[in-house]
Structures are given as structure tokens and as C-alpha cells.
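Student: Could you take me through a close look at one part of this structure, going slowly, and then connect that part to the rest of the chain? I would like to begin with the aromatic residues and how accessible they are.

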Amino acid sequence: MRSLVIYLASFLAVALPGAESAMCYPRNYLSAKLGARITTQAKLGGDADPNAILSDGPISRGRVRFADVEQERFLTVDLGVQREFDRVEIGTGGQPKRITIAVSRVGHSGPYESVCEIQDPGFFQTLRFPLASARYVKFDFGSPVRDALRRADKGCIVHSLRLYKGYEHPGLVEVTKLLHGRIQPNLAGLENFHKAAEAGDWPKACRELRAYFASVKKLQGPPSSSYDLSGAQSFLEGSLNFAGLARTDTVPIDWAYMKTTDWYEHKNFLNRGSPLGVPVDAYYHTGDTKWSDFFRDIFYDWVDANPKPTVMSGPDYPTWRTLDSAARLGWIVSRFAKVTAGKDIEDE
């Protein structure tokens, strides 16, 4: 029941230079430049340095391998200063059975309080947990699981480790100011928008901008009483299927989850935002607020999990996000008229 202005701002943030400054990519706290250091008492494979997993850029890199011996497998991070965070991106190989993440405000030796645990982790995932404030973080990958025939998690690998505070989308006033700064001042039909903005009445400016777009972005065809809701219902129930790799995940969704290293996972990573438009269509054809509510929830969930990086080139920067931004533009444009016209989708 919200999000029109942020919907439009997402369009401008990928279409116009400079507009992305209001949508900053979360900083990775596992950075040597920020003072982070990693230690472990576990034996690693070869001459591995656990600090190889640190990254000074906005994305994670590097990996460490635990030696294939009987041992407890821990990585302990000193962030340098106390920080607030509620997200971890983490990848593993060798199929560890469990990952536990714990924090300490006291010291490197603890005591530690568990904030997150996941069973049977995939090759890559994003873990969410309540906001934590701590300087020390311990990652526990358990002990090797052995049986009479094999070593089930031989040579456990940890890769792509990133610790950060989740992105929070800006509100109506901030985004409307952003739009006012990017839209040309003398376009016919936008006089009321600029008048309200210059008076500092940002909610009214938003209403006027919406009214303008409603007048120029016409809906294509009337609602259909026979519209097939099966696709929307499937997404509502958490059924996701990208390139035949089916899984169930309801909002909040781990948009980055990868079960294996299968190339189809990589190939379809860019297409994972495609469900966003489906509840818009369902709402348009039925008028049922269940679908406008679902659109709000899944749209904000996707935006907050996938903000456009301010910089996308250079070492440790997500260069592939340029393609993701182009895909985002297509999803937004295709449903823009329906979102604008939706009476149960609030101006924000």
C-alpha cells in the first residue's frame, strides 16, 4: 500500500547519473582499511592467511580452507571498533552442517552471544538477524562430520564473507527531494509539482507528480475478470523457481541464495527480481488489497536487499550490477502505469 515515489526513484537511480547518491550501498565491515582482523586457532590448508577473506571494497572476496583434520573450526573477527550490523553474506564449500554466528562486546575471548544459526548452508546465502552492536564476531563452522565410509565435509571452505548493516530505503520527503533535483524545471504539466516543492510541501509535491504521471502514462486495457492468479499465489506462498532450481522462500527473501555452484544459478541471478511485477498485475485485475499489500512487502524487501552500488567498477566492486540495474529498469517501466493508478498504493 506504499512505494510509488520510491518506485520512481529506483527508476531514476538507474537511469540518471548522480541520482544514486541517496541510495548508498552498505559498507562491508570486514575491511582491513576499517581495522578488521581475522584470527583462528584452527589449522588451515597450506599457508592460508585468514585475513585473505577481508575486502576493502563494497563486495566480499577471498576464501580460506580449513585443514581436513579433527578440530573445531572457528574464525574470530576483531572489527577494530564497535559496530552495528544485522546482515552477513557467506559462502561455504565442503558442506558444513551448521554455521553459528556469535558476538561479543567485551573482548576477543568473549563471552559470546549467538545471533544467528543456519543448518545445512548452501554455497552462498545472506543471513539476517536482529541488529547487533559488537566489536568481536565469531563464526563457528562446527566439527568435521565423519562416518565409516567418508568425510562428509572434507576440507571445509569459507568464501565471500561480508558483514554489514542492511540498507534502508529513504522515505517520501527524501526521495521527493531527490526527484525534484533531477527533473527538468520547465517541463509542461509539472508546474504544480515544482510549486509545491519550492514551498517545501513535499507530500503535496509527491501527489502532484503522481497526478502528472497518471495523466501521461495510460493503462493498456481494462482489468480482466478472468485473470489467472496462480502465478501471484505461487509467489505469495514463497514458491521460487529460477531455471528449474525450485525452492520455497517467503518475505523476507534471501535474493542471493545459491544452493550449489551450478552455472544456472549464476546465469539467473540477474532475473531474480522478476516476481516484483506479478502482484501489481494481480492487484490491477482484482482490486484486492491482498495483492497491493504483497507488492509493497516484496518490493521493499527486494529494494532493501539489492540497492544499486554508488561505484561499480574497480577491484572488489560489483561490476555485474550494471546489468542488474538494466534489468531493474525493465521491471519498473513495465508496471509503472499500474502502480501509479493503484488507489491502494500510497504516494510514498
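Tutor: Phe85 is buried, with a relative accessible area of 0%, and since this is a predicted model, that value, like the others that follow, is computed from predicted coordinates. Under 20% is the cut-off for calling a residue buried, so Phe129, at 7% relative accessibility, counts as buried too.

These residues belong to the aromatic pairs, of which the count comes to seven. Phe85 and Phe129 form an edge-to-face pair, with ring centres 6.2 Å apart and 80° between the planes. This pair links distant parts of the chain, because Phe85 lies in strand β3 (residues 74-93) while Phe129 lies in strand β6, 44 residues apart. Phe299 and Tyr300 form another aromatic pair, this one tilted, with 5.9 Å from centre to centre and 50° between the planes. Phe299 is buried at a relative accessible area of 2%, and Tyr300 is buried as well, at 8%.

Some rings also have a charge over them. Lys138 lies over the face of Phe74, at 5.1 Å from the ring centre, and the charged end of Arg162 sits over the ring of Tyr164, 3.9 Å from its centre.

From the rings we can move to a helix, for Tyr212, Phe213 and Phe336 form one aromatic cluster, and Phe336 is one of the buried residues of α9. Among the other buried residues of this helix are Arg321, Asp324, Trp331, Ile332 and Val339. Helix α9 covers residues 321-341, which makes 21 residues, and at 1.5 Å a residue it should span 30 Å; the C-alpha atoms at its ends are 30 Å apart, so the expected and the computed spans agree. Even so, α9 bends by about 55° at Arg335, and Arg335 is itself listed among the buried residues of the helix.

Another helix, α3 (residues 191-198), holds Ala196, which counts as buried because its relative accessibility is 5%. Leaving aside residues up to four places away in sequence, Ala196 touches Asp201, Lys204 and Ala205. Ala196 and Glu208 are 12 residues apart in sequence, and their C-alpha atoms are 8.1 Å apart in space.

Now consider a strand, where the two sides can be told apart. In a regular strand the side chains alternate between the two faces of the sheet. Strand β8 (residues 239-242) shows such an alternation, since Leu240 and Phe242 point to one face and are buried, while Ser239 and Asn241 point to the other face and are not buried. Strand β8 pairs with β9 in the antiparallel sense, over four bridges, and within this pairing the bridge partner of Leu240 in β9 is Arg247. The hairpin of β8 and β9 has two residues between the strands, and in this hairpin Ala243 takes a positive phi near 55°.

Positive phi values turn up elsewhere in the backbone. Asp120, a residue other than glycine, has a phi near 50°, and Asp120 is found in the loop between β5 and β6 (124-140). Over 50% relative accessible area is the cut-off for exposed, so Asp120, at 54%, is exposed. Ser160 also has a positive phi, of about 50°, although it is not a glycine, but Ser160 lies in strand β7 (residues 157-164) and counts as buried, because its relative accessibility is 18%.

The backbone has cis peptide bonds to look at as well. One joins Gly110 and Pro111, with an omega of about 10°, and Pro111 is placed in the loop between β4 (98-104) and β5 (113-119). The peptide bond from Val251 to Pro252 is also cis, with omega near 5°, and Pro252 lies in the loop between β9 (245-248) and α6 (263-268).

Definitions and conventions: Residues are numbered from 1 along each chain as its sequence is written. This is a predicted model: local features need pLDDT of at least 70, side-chain atom pairs count only at pLDDT 80 or more; totals for chains, interfaces and linings use all residues. Side-chain values use heavy atoms; hydrogens and water are left out. The expected span of a helix is 1.5 Å times one less than its number of residues. The bend at a residue is the angle between axes fitted to the seven residues ending there and the seven starting there. Buried means under 20% relative accessible area, exposed over 50%, partly exposed in between (1.4 Å probe, protein chains only). Two strands pair if DSSP finds at least two bridges between them. Contact means heavy atoms within 4.5 Å. Rings of Phe, Tyr and Trp (its six-membered ring) pair if their centres lie within 6.5 Å; planes under 30 degrees apart count as stacked, over 60 as edge-to-face and the rest as tilted. A charge sits over a ring if NZ of Lys or CZ of Arg is within 6 Å of the ring centre and within 35 degrees of the ring normal.
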